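Please look over this protein model and report on its sheet, its helix packing and its cysteines. Keep it short enough for a first-year student.

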Amino acid sequence: MKVLVIGGTGTIGQAVVRELSGDGEVISAGRSGGDVRVDITSPDAIREALQQIGTVDAIVSCAGQAAFAATDQLTEEQMELSVRSKLLGQVNLVRFGAAHVADGGSITLSSGLLAHQPARGSAAISMVNAGVEAFARAAALDLPRGIRVNVVSPPWVAETLSAMGRDPAKGLPAEQVARAYAECVRGTRTGEVLDARDFARA
């Protein structure tokens, strides 16, 4: 199996790379590091990276930025970045990536808990996360050659909370979050949104 992990240098991405490393070749891609460089806010950069890599069995996206700010304080730049990065960036990974995925392969995107459990300041993040999930459910009906599309919805990640100076016990370790991504790659699901917490308990 050959798997491309976009955002493979991030906290969740590194855990996904480790989880899938025993399944075959795992290519890590990131904006500033990894085996391949790619900025998902740029459609041309996505196309170039995919062309460089060639055919893969799976694409996993652990990438995408979104702003955290109160609704009445969100700037145009923050809104545009949120849409261009976490929403359209991942949408384009499916649009352009499908041609590079082998028959019966898969594409897995990332949303997040705030799509369904919003918090103060999460308007932009909640919006793009929900958009990713709706897009994936519809795209799964369209893609040819048995290509599957799913989304993993992680909760707060323990390592991220630690970096923020908050209690990591209120989050899920990245290695446990990675199990949901592995299920999308190894399994037969399509058009589903997987809550990473369900696979941490498995």
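This report goes through the sheet, one residue at its edge, two helix pairs and the cysteines.

**The sheet**

The model is predicted. Seven strands form an open sheet, and their order is E3-E2-E1-E4-E5-E6-E7. The pairing is parallel. Strands of a sheet pair through backbone hydrogen bonds, either parallel or antiparallel. The edges are strand E3 (36-37) and strand E7, and each of these pairs on one side only.

Strand E7 covers residues 193-195. Strand E6 (residues 148-153) runs parallel to E7, and three bridges join the two. In one of the pairs, Val152 has Leu194 in E7 as its bridge partner. A helix also packs on the sheet: H4 (residues 123-142) touches strand E5 (101-110), E6 and E7. The direction of H4 makes about 160° with that of E6.

**A residue on the edge strand**

Val193 lies in strand E7. Is Val193 buried or exposed, or partly exposed? Val193 has a relative accessible area of 25%, so it counts as partly exposed. Buried would require under 20%.

Leaving aside neighbours within four places in sequence, Val193 is in contact with Glu133, Arg137, Val151 and Ser153. One of these contacts spans a stretch of chain: Val193 and Arg137 are 56 residues apart in sequence. Their C-alpha atoms are separated by 8.1 Å.

**Two helix pairs**

Two packed helices are described by the angle between their axes and the distance between the axes. The table gives both values for two pairs.

| Helix pair | Angle | Axis distance |
|---|---|---|
| H2 (residues 43-53) and H3 (residues 76-97) | about 40° | 10 Å |
| H1 (residues 11-20) and H6 (residues 174-186) | roughly 55° | within 8 Å |

Start with H2 and H3. They pack at an angle of about 40°, which makes H2 oblique to H3. H2 passes H3 in a right-handed crossing. On the H2 side, Pro43, Ile46, Arg47 and Leu50 take part. They meet Gly89, Asn92, Leu93, Phe96 and Gly97 in H3.

Asn92 gives a view of this contact from the H3 side. What is Asn92 in contact with, leaving aside its neighbours within four places in sequence? The partners are Pro43, Ile46 and Gly97. Asn92 has a relative accessible area of 9%, so it is buried.

Now take H1 and H6. Their axes cross at roughly 55°, which makes H1 oblique to H6. The crossing of H1 and H6 is right-handed. From H1, the contact uses Thr11, Ile12, Ala15, Val16, Glu19 and Leu20. Residues of H6 in the contact include Ala174, Val177, Tyr181 and Val185.

**The cysteines**

How many disulfides does a search of the whole structure find? It finds zero. Cys62 is in no disulfide, and the nearest cysteine sulfur, that of Cys184, is 10 Å away. Cys184 is likewise in no disulfide, with the sulfur of Cys62 as its nearest cysteine sulfur. Why does a separation of 10 Å rule out a bond here? A disulfide needs the two sulfur atoms within 2.5 Å, so this pair does not count.

Both residues are buried. Cys62 has 17% relative accessibility, and Cys184 has a relative accessible area of 0%.

Definitions and conventions
Residues numbered from 1 in each chain as written. Predicted model: local features only at pLDDT ≥ 70, side-chain atom pairs only at ≥ 80, totals over all residues. Heavy atoms only, no water. Buried < 20%, exposed > 50% of the residue type's maximum accessible area, 1.4 Å probe, protein only. Helix = DSSP H or I, 4+ residues; strand = E, 2+ residues; numbered from the N terminus. Contact = heavy atoms within 4.5 Å. Pairing = 2+ DSSP bridges. Axes fitted to C-alpha atoms, helices over the stretch in contact; angles between N-to-C directions. Parallel < 35°, antiparallel > 145°, perpendicular 65-115°, else oblique. Left-handed = near helix turned anticlockwise from the far one by under 90°.
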